[in-house]
Amino acid sequence: MQISLQHQVALVTGASSGLGAGAAEALAEAGAAVVVNYNRHAEPAEALAERIRENGGKALALQADVSQEDQVEALFARTVETFGALDILLANSGLQKDAATVDMTLADWNQVLQVNLTGQFLCARAALRQFIKQGPRPWVSRAQGKIIHMSSVHQLIPWAGHANYAASKGAIDLLMRSIAQEVGGQGIRVNAIAPGAIKTAINQDTTQGEKGQRLLELIPQGRLGEVQDIANAVVWLASDASDYIHGTTLFIDGGMSLYPGFKDNG
Ligand code: BGC
């Protein structure tokens, strides 16, 4: 199976680091022109776009806070102005503001929901509007556009001390499936990826040392995920190789969502 995203345009939100950066690079390697969106960290986003261009690809780093409607609108407008169309959205921006619920501030609740959930709604809406406006592009893809939502195993697994984050990811599941039901007839594909413990900055406190050892007990495969594990799946899910996959969440978690604590009879 040869995967090519030649002549396609991809927008990746939250692409200055972690899963977003890895996915942006992989999409570019597969031939897509890539918008590397960032909010606060211009330098690594610009460096990534530059690296893609040096390797012969097309890339542009663009700033936008995905929780702000006007900034999302401007981000999509610039993307289309620059590359002429949009074929793939990876709605990836997300953050954690961890606290026990009794101590959680309303500000931390709101911020996580605004970025992780409202941001995904605003970006999906902007992508849908663009896909519908530009119409089918059968010479680049069977689908009229593809949206991939970045979810988490915590759309399924409750997570004490992270109620805001788990609530945002649980909601992404129904956001994604509702949109998929709505636009499937228009040839637009909508799916999600639910990563487990992938080694990135977001979880560096829990993936190292003794905590890291305990974390491994929650992963049947016995290893942490790598950014590439997710990036490979993003490219496949964005390509025609997965054309009949619609409204699905792909768990990429080494088995974390299998409730491994029950392995020895609970
Ligand atoms: C979180 C990580 C965590 C992983 C597994 C992810 O969604 O962002 O911090 O390690 O889930 O618990």
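A residue is called buried when its relative accessible area is under 20%, exposed when that area is over 50%, and partly exposed in between, using a 1.4 Å probe and protein chains only. Before we put that to work, a word on what you're looking at: this is a predicted model, where local features need pLDDT of at least 70, side-chain atom pairs count only at pLDDT 80 or more, and totals for chains, interfaces and linings use all residues. Residues are numbered from 1 along each chain as its sequence is written, and side-chain values use heavy atoms, with hydrogens and water left out.

Let's start with two helices. Helices here are DSSP runs of H or I with at least four residues, strands are runs of E with at least two, and the numbering goes from the N terminus. Take α7, residues 227-238. Its buried residues are Ile230, Ala231, Ala233, Val234, Val235, Leu237 and Ala238. What sits over them? The cover includes α1 (18-29) and the strands β4, β5 (145-150), β6 (188-195) and β7 (249-252), where contact means heavy atoms within 4.5 Å.

You can also check how long α7 ought to be. The expected span of a helix is 1.5 Å times one less than its number of residues. For the 12 residues of α7 that gives 16 Å, and the end C-alpha atoms are 17 Å apart, which agrees.

Now move over to α1, one of the elements covering α7. Its 12 residues should span 16 Å as well, and its end C-alpha atoms are 17 Å apart, so the numbers agree here too. Why call α1 largely enclosed by the rest of the structure? Because 9 of its 12 residues are buried. Those buried residues are Leu19, Gly20, Ala21, Gly22, Ala23, Ala24, Ala26, Leu27 and Ala28. Just after α1 comes glycine 31, with a positive phi of about 110 degrees.

Positive phi turns up elsewhere as well. Most residues other than glycine have a negative phi. Histidine 7, however, has a positive phi of about 70 degrees although it is not a glycine. You'll find histidine 7 in the segment before β1 (9-12), and it is exposed, at 59% relative accessible area. Tyrosine 259 also has a positive phi, near 50 degrees. This tyrosine lies in the segment after β7 and counts as partly exposed, at 46% relative accessibility.

Histidine 7 also leads us to aspartate 87, since aspartate 87 touches it. Aspartate 87 sits in the loop between α3 (69-83) and β4 (88-91), and with a relative accessible area of 4% it is buried. Leaving out residues up to four places away in sequence, its other contacts include Gln8, Val9, Phe131 and Arg137. One of those neighbours, valine 9, has its backbone nitrogen 2.8 Å from a polar atom of the aspartate 87 side chain. That pair is a polar contact, meaning N or O atoms within 3.5 Å; within protein, one atom must be able to donate a hydrogen and the other to accept it, and residues adjacent in sequence count only if both atoms are side-chain atoms.

Next, the ligand. Which residues are around it? They are Gln96, Ser152, His154, Trp159, Tyr165, Gly196, Ala197, Ile202, Asn203 and Met256, each with a heavy atom within 4 Å of the ligand. They divide into 5 nonpolar, 5 polar and no charged. In this sorting, Ala, Val, Leu, Ile, Met, Phe, Trp, Tyr, Cys and Pro are nonpolar, Asp, Glu, Lys and Arg are charged, and the others, Gly among them, are polar. A polar side-chain atom of serine 152 lies 2.6 Å from a ligand oxygen. For the side chain of glutamine 96, an N or O atom is 2.7 Å from a ligand oxygen, and for asparagine 203 the distance is 3.2 Å. The protein covers 91% of the 310 Å² of accessible area that the ligand has on its own, as found by the Shrake-Rupley method with a 1.4 Å probe; for residues, only the protein chains shown count as cover.

One residue of that shell, histidine 154, is worth a stop. It is found in the loop between β5 and α5 (163-183) and counts as buried at 12% relative accessibility. A polar atom of its side chain lies 3.0 Å from the backbone oxygen of isoleucine 157. Histidine 154 and alanine 166 are 12 residues apart in sequence, with their C-alpha atoms 5.2 Å apart in space.
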